[in-house]
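Visitor: Hi! Could you walk me through this one while I have it open?
Guide: Sure, happy to. Let me put it up for both of us.

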Amino acid sequence: MGDVHIHWFSIINSLVIVLFLSGILAMIMVRTLRRDIAQYNRDDDADESIEETGWKLVHGDVFRPPRFPLVLTGFVGSGIQILCMALVVLVLAMFGMLSPASRGALMSASIVLYAFMGIFSGFFSGRLYKTLKGTQWKRAACLTGSLYPAIVLGFSFFMNFLIWGKKSSGAVPFTTMIALLCIFFGICLPFVMGGFYFGFRKQPYDHPVRTNQIPRQVPEQIWYLNPFLGIVVSGILPFGAVFIELFFIFSVRKQIEFAHAHLAVFQAIWENQFYYLFGILFLVFVILLICCSEITIVLIYFQLCGENYHWWWRSFFLSGGCSIYVFLYSIFYFKTKLEITEFIPALLYFTYSSLMVATFWLLTGTIGFFATYYFICLIYGAVKID
């Protein structure tokens, strides 16, 4: 079997394994939930002496608005915008409409699409903010539209000034920086504000149970429900979906004849090479979203069984836990693959790597948040609440 066939076989086999693991998690959850729902929905006459336990006990608090709903809305809205942009760019690149060989085409398309996707970000985050009983919708809309672009543009401009100081030809021209600001203030922010306005005017999301006026006390949690431990554990499986391809490409493919057919994302960015396998990248992206959703649902389900109803923020952080491993992998790649000894290039590498990790965190956190939201509405809508 040739090297090319081994490469494709490894990728397909890895994707099948990840799908199989995800299917096992889904089967376990469905079987457990069916038993719980059947137990909770038994006749009241037979269960009068049985006290409610588990996740049904917190039905009056599970949809209680979290702390800092404005910030949560900003994070989720930014994640929606990144998700919509990434899906469109991957589909266009997969069908050959965006070629990485055309210098700057992929990046330009990503920037423009991100700006126009602000309408979807604003709409969904605006409706979410109203569901969380927020009142300062203008402030929330400004935060949603400017949170991620301000961070990216701020660090990028700062790094570009350092490159200018080194008189490097790789610096972004000043006119391009002005054009980016015009795209942000002229397209992105107005689209987010407009979408937020219409989303906030819509009815809030319907919840299957009412929220009690007095919040119940959360009992002491078991050690394995620690939020920091959950973040570490939740990132392993989603990162495996990304790392499988990266590890094979980085560790094995160094021959010249595979220089254009087997390249990794970090190599495409830091070694001026191109990444062409967008079909595989799209499949890995889909598997990543599935893994983030399922592992977050499982961990939040365990948390609800422990009578802890503070799931809004935790679902976001649990699903974004895989970004920690992406950052650790960027450090590993810097130490083992790159020969950078000067301060400014190293600062550039870690700054842009941190921006990519932040983008990855917002994306995966938003996926886990909405998956958990849908799951909780589904299970509490399936039980009889007195």
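Visitor: Which residues touch the most other members of the largest nonpolar core?
Guide: Those are Trp-55, Phe-369, Ile-376 and Tyr-380, in a core of 62 residues. Keep in mind that this is a predicted model.

Visitor: And which helices supply at least two residues each of this core?
Guide: Quite a list: α1 (3-40), α2 (69-94), α3 (105-116), α5 (137-165), α6 (174-201), α10 (278-305), α11 and α13 (343-381). The largest share comes from α2, with eleven residues.

Visitor: Okay, is there another core apart from it, and how many residues does that one have?
Guide: Another core lies apart from it and has nine residues, including Leu-288, Cys-322, Tyr-329 and Phe-360.

Visitor: Back to Tyr-380 for a sec. What is Tyr-380 in contact with, leaving aside neighbours within four places in sequence?
Guide: Tyr-380 contacts Trp-55, Lys-56, Val-58, His-59 and Val-62. Pro-208, Val-209 and Leu-304 are also in contact with Tyr-380.

Visitor: Switching to pockets: what volume does the second largest pocket have?
Guide: About 330 Å³. The lining has 16 residues, and the closest to the pocket's centre are His-310, Trp-311, Trp-312, Trp-313 and Arg-314.

Visitor: Nice run of tryptophans! Which helix gives the most to that lining?
Guide: That would be α11, with five residues. Both α7 (227-234) and α11 (312-319) supply at least two residues of the lining.

Visitor: How many lining residues are nonpolar, polar or charged?
Guide: Eleven are nonpolar, two are polar and three are charged.

Definitions and conventions: Residues are numbered from 1 along each chain as its sequence is written. This is a predicted model: local features need pLDDT of at least 70, side-chain atom pairs count only at pLDDT 80 or more; totals for chains, interfaces and linings use all residues. Side-chain values use heavy atoms; hydrogens and water are left out. On a 1 Å grid over the protein atoms alone, a cavity is a set of points where a 1.4 Å probe fits but cannot get out, and a pocket is an open set with protein on both sides within 12 Å along at least five of seven lines; lining residues have an atom within 4 Å of a point. Grid points are joined across faces, edges and corners, and a volume is the space filled by probe spheres set on the points. Helices (H or I, at least four residues) and strands (E, at least two) are DSSP runs, numbered from the N terminus. Ala, Val, Leu, Ile, Met, Phe, Trp, Tyr, Cys and Pro count as nonpolar, Asp, Glu, Lys and Arg as charged, and the others, Gly among them, as polar. A nonpolar core is a set of buried Ala, Val, Leu, Ile, Met, Phe, Trp, Tyr and Cys residues joined through side-chain atoms within 4.5 Å. Buried means under 20% relative accessible area, exposed over 50%, partly exposed in between (1.4 Å probe, protein chains only). Contact means heavy atoms within 4.5 Å.
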